[in-house]
Amino acid sequence: MASSPSVPKVSNQNLSEEFNTGDGFINTIPNEKCAVTTTPLLQETSSVSMATMQLYAILETVADRVEMHKNIGNQRENWNTLLLNSTNMMILTAATMAGVTATSHGVSVLGLKLGSILLFSGATATLVIMNKIQPSQLVEEQRKATKLFKQLGSQVQTLITVGSPSKEDVKGVMAKILVIDKAYPLALLGGAMLEKFPESLEHAVWWPRNESQKENINRKVEMGNGWTKELESEMREIVEVIKRKDSQDYERLGNKALKINKVLATSGTLLTGIAALASTFMGSSNIGPWAATVATITGALASAVNTFEHGGQVGMVFEMYRNNAGFFKYMQESIESTLDESDVKKREHGALFEMKVALQLGRSLSQLRNLAKKSTYSRIEGIPIDEFASNLF
């Protein structure tokens, strides 16, 4: 009868050592022997894991911000529709009462007079509130904030997936959240609301500003990391086109929209105020018919002005121009801050950066390079360039 093969005895100590020192195994059994050698690795893993956990917590906050701005944007869009319809109904009803009063002779018009006064006064007060908060502009603010928080959420997800998050990444993301909160506040009271009628257009700022001092562009920089002298020159020309064409154009259009909105806001409130004042003189024997006529005409004009301002969403148009001007300022500062970094190893890879700039401007790489060549030629010849940097808007 054959003897059975003997099985080697392995002690618990040998088994622990085999798992701790064997190739391809992760040290998961702590002991005194491996404690000293694995402490730095464990500390590094712990710090990275903490950064990742913080980014996941931030991601939840960003998702909450997206939902919050989306819901409030829908609410304020309803405000614009309801306030516009209600105000116009009050104005038109009061103007109709005034018109009936003008054609009434020998009949008591006290009820029509009081009703017209109350409706015109209520419409004036409503218009003051609407012109103060500009509901259509509030809606555009929330749309932009929703978009920015969605972009930030995608960036955080990408950072978690393909990168090795650090504490600096966490601080950078938190700074971006706070800047967007400040650029597009939710509150309407306590001075937090954005000024709806500034002296001139001020572009929106939704990114942390870099206060680093610019260096001499003629400094000696060792090229690498996808960067060449030609690529740097190309990016500088793109910045010049953005400054000379896109930024100036949207600032000009934004200031025009701001002036139109100011005139409409003042005119609508003034017309309803005049109509309310004229209504108080209706029914008198001497100037009653003339007062009723004035109230009817100014009421009709006020309804037309109110419809053009809030129905046409002039405030939203101004906010759109303000955001577009902010986008081009962001592009300009983003390119300049990258070029100001003398250590090319700390920059984003040149080819990747060029592709991102091209996509953000709605161009292909060849179109972006041709634009830089046109800018160089126009600057040398002293003639204005006839092309905008962005093909999107």
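A residue counts as buried under 20% relative accessible area, as exposed over 50%, and as partly exposed in between. In this predicted model, Gln-313 has a relative accessibility of 23% and therefore counts as partly exposed. Gln-313 lies in the loop between helix H7 (288–311) and H8. The phi angle of Gln-313 is near 55°, a positive value in a residue other than glycine.

A positive phi is also found at Gln-134, where the angle is about 50° although Gln-134 is not a glycine. Gln-134 lies in the loop between H3 and H4 and follows H3 in the sequence. With a relative accessibility of 1%, Gln-134 counts as buried, because burial is set at under 20%.

The overall fold is described next. The protein contains 10 helices and zero strands. Read along the sequence, the pattern is therefore α-α-α-α-α-α-α-α-α-α, with helices numbered from the N terminus. Of the 393 residues in the protein, 39% are buried. Among contacts with a separation of 6 or more, 82% are made by residues 24 or more positions apart. The protein exposes about 22,700 Å², and carbon and sulfur atoms supply 60% of that area.

Helix H3 covers residues 110–133 and has 24 residues. At 1.5 Å a residue, H3 should span 34 Å; the C-alpha atoms at its ends are 35 Å apart, which agrees with the expected value. The buried residues of H3 include Gly-115, Ser-116, Ile-117 and Phe-120. Further along H3, Ala-123, Thr-124, Thr-126 and Leu-127 are buried, as are Met-130, Asn-131 and Ile-133.

Residues in other helices were examined in turn. Asn-261 is in helix H6 (residues 229–279). Its relative accessible area is 0%, so Asn-261 is buried. Leaving aside residues up to four places away in sequence, Asn-261 touches Gln-134, Phe-197, Glu-309, Val-314 and Gly-315. One of these partners, Gln-134, is the buried loop residue described above.

Asn-324 is placed in helix H8. A relative accessibility of 12% means that Asn-324 counts as buried. Not counting residues up to four places away in sequence, Asn-324 touches Tyr-250 and Phe-393. Asn-324 and His-203 are 121 residues apart in sequence, while their C-alpha atoms are 7.8 Å apart in space.

Asp-181 is placed in helix H5. Asp-181 has a relative accessibility of 23% and so counts as partly exposed. Asp-181 touches Arg-65 and Phe-149, again not counting residues up to four places away in sequence. In sequence, Asp-181 and Arg-65 are 116 residues apart; from C-alpha to C-alpha, the distance between Asp-181 and Arg-65 is 9.2 Å.

The pockets of the model were also considered. The largest pocket has a volume of about 2,200 Å³. Its lining is made up of 50 residues, and those nearest the centre are Gln-155, Lys-176, Trp-207, Tyr-330 and Ser-334. Two or more lining residues come from each of helix H4 (135–162), helix H5 (167–183), helix H8 (314–340) and helix H9 (350–360). The greatest contribution to the lining is that of H8, with 14 residues. Sorted by class, the lining of the largest pocket holds 18 nonpolar, 14 polar and 18 charged residues.

The second largest pocket encloses about 330 Å³ of space. The lining of this pocket consists of 14 residues, with Leu-194, Glu-202, His-203, Ala-204 and Arg-322 closest to the centre. H5 and H8 each supply at least two residues of the lining of the second largest pocket. By class, this lining has seven nonpolar, two polar and five charged residues. His-203, one of the residues closest to the centre of the second largest pocket, is also the residue whose C-alpha atom lies 7.8 Å from that of Asn-324.

Note on methods:
Residues are numbered from 1 along each chain as its sequence is written. This is a predicted model: local features need pLDDT of at least 70, side-chain atom pairs count only at pLDDT 80 or more; totals for chains, interfaces and linings use all residues. Side-chain values use heavy atoms; hydrogens and water are left out. On a 1 Å grid over the protein atoms alone, a cavity is a set of points where a 1.4 Å probe fits but cannot get out, and a pocket is an open set with protein on both sides within 12 Å along at least five of seven lines; lining residues have an atom within 4 Å of a point. Grid points are joined across faces, edges and corners, and a volume is the space filled by probe spheres set on the points. Helices (H or I, at least four residues) and strands (E, at least two) are DSSP runs, numbered from the N terminus. Ala, Val, Leu, Ile, Met, Phe, Trp, Tyr, Cys and Pro count as nonpolar, Asp, Glu, Lys and Arg as charged, and the others, Gly among them, as polar. The expected span of a helix is 1.5 Å times one less than its number of residues. Buried means under 20% relative accessible area, exposed over 50%, partly exposed in between (1.4 Å probe, protein chains only). Contact means heavy atoms within 4.5 Å. Accessible areas come from the Shrake-Rupley method with a 1.4 Å probe; for residues, only the protein chains shown count as cover.
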